[in-house]
Amino acid sequence: MAVTSILRLAFTFGILGNIISTMVYLAPVPTFIRIFKKKSTEDFQSLPYLMALFSSMLWLYYAMLKKDTILLVTINSFGCVVETTYIAIYIVYAARESRVSTIKLLISMNMGLFSLILLLAHFLVSGSVRVKVLGWLCVALSVCVFAAPLNILKQVIRTKSVEFMPFTLSFFLTLSAVMWFAYGLLLKDLCIALPNILGFILGLLQMLLYGIYRNAQKVEEKKKLPGENLKSIVILGAVGGPEVYPVDAKPDVNGGAEEHDQTEESKEDEKSMEASQDKLQSNECAV
């Protein structure tokens, strides 16, 4: 009776985790609608989507080898479909160089490396050992990509601006981590529970920084490279891979106007100086 209650509770947490993770997977949809309308990928990068697809494929394989993990199968199957769609759209509208690099990564990582893992897991290990090996591979992949959101946290602290770290997204990712952690804990699956402890800590840190800097005065960056009008936020998903949420960085309209005015003033000063020199020369000739 107690076991049945635990399984029901785990199933409830898994359902909630599925719903929240689905919302997270669909978060980049407005970005790809924009890409479709503009027929250009602009400065967006494909690597986070490729990583997300690779992670979803690994988790899906892991879930299919285990018993009673239908919820993991459904969410990662959905993730594979969504991420494949994103990548396909990206390849269609990307510039030639970006398209070629994306296809190369897709073939080498999502097809080549995944096939190699599949073959090694099938022929070198068997039974429960295969499940454990794949589970810890998934954990290792999740931990490795935790470095990506730390760059965003560093940017928030440096610029004192949270415009590239939406609170709603951080909140849902934290909530998703809680649900999947509870699901993994109740099923006594460390491979599911462990990465979500880190996800929960990172989510809390993001929300804490949001509370600190949401009303702070933004510190302008002194140096800006060309093509930095678009930024990409990479945030680790709870069960799947890292999700990318590109945000438009609003151009500094006032700064641009001031720069334009200063240029015009300098041109007028140069013209007035040239005119005064011409007058002096004409006066000298007259004398």
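Here's a quick rundown of the salt bridges and cysteines in this structure. Keep in mind that the model is predicted. Searching the whole structure turns up 3 salt bridges and 0 disulfides.

**The Lys66–Asp189 pair**
- Lys66 and Asp189 join their side chains in a salt bridge, with 2.7 Å from N to O.
- This pair ties together distant parts of the chain, 123 residues apart: Lys66 sits in the loop between helix H3 (47-65) and helix H4 (70-93), and Asp189 in the loop between H8 and H9.
- The two partners differ in burial category: Asp189 is buried at 4% relative accessible area, while Lys66 is partly exposed at 27%.
- Setting aside neighbours within four places in sequence, Asp189 touches Tyr62 and Gly184 as well as Lys66.

**The Arg34–Lys38–Glu42 network**
- Salt bridges link Arg34, Lys38 and Glu42 into a network.
- Glu42 pairs with Arg34, where the closest N and O atoms are 2.9 Å apart, and also with Lys38, where that gap is 3.4 Å.
- Each member is partly exposed: Arg34 has a relative accessible area of 21%, Glu42 has 29% and Lys38 has 49%.

**Cysteines**
- What keeps Cys191 out of a disulfide? The closest cysteine sulfur, in Cys138, is 7.5 Å from the sulfur of Cys191, so the two are too far apart to bond; the cut-off is 2.5 Å.
- Cys191 is buried, at 7% relative accessibility.
- Cys80 also counts as buried, because its relative accessibility is 13% and the limit is under 20%.

Note on methods: Residues numbered from 1 in each chain as written. Predicted model: local features only at pLDDT ≥ 70, side-chain atom pairs only at ≥ 80, totals over all residues. Heavy atoms only, no water. Buried < 20%, exposed > 50% of the residue type's maximum accessible area, 1.4 Å probe, protein only. Contact = heavy atoms within 4.5 Å. Salt bridge = Lys/Arg side-chain N within 4 Å of Asp/Glu carboxyl O. Helix = DSSP H or I, 4+ residues; strand = E, 2+ residues; numbered from the N terminus.
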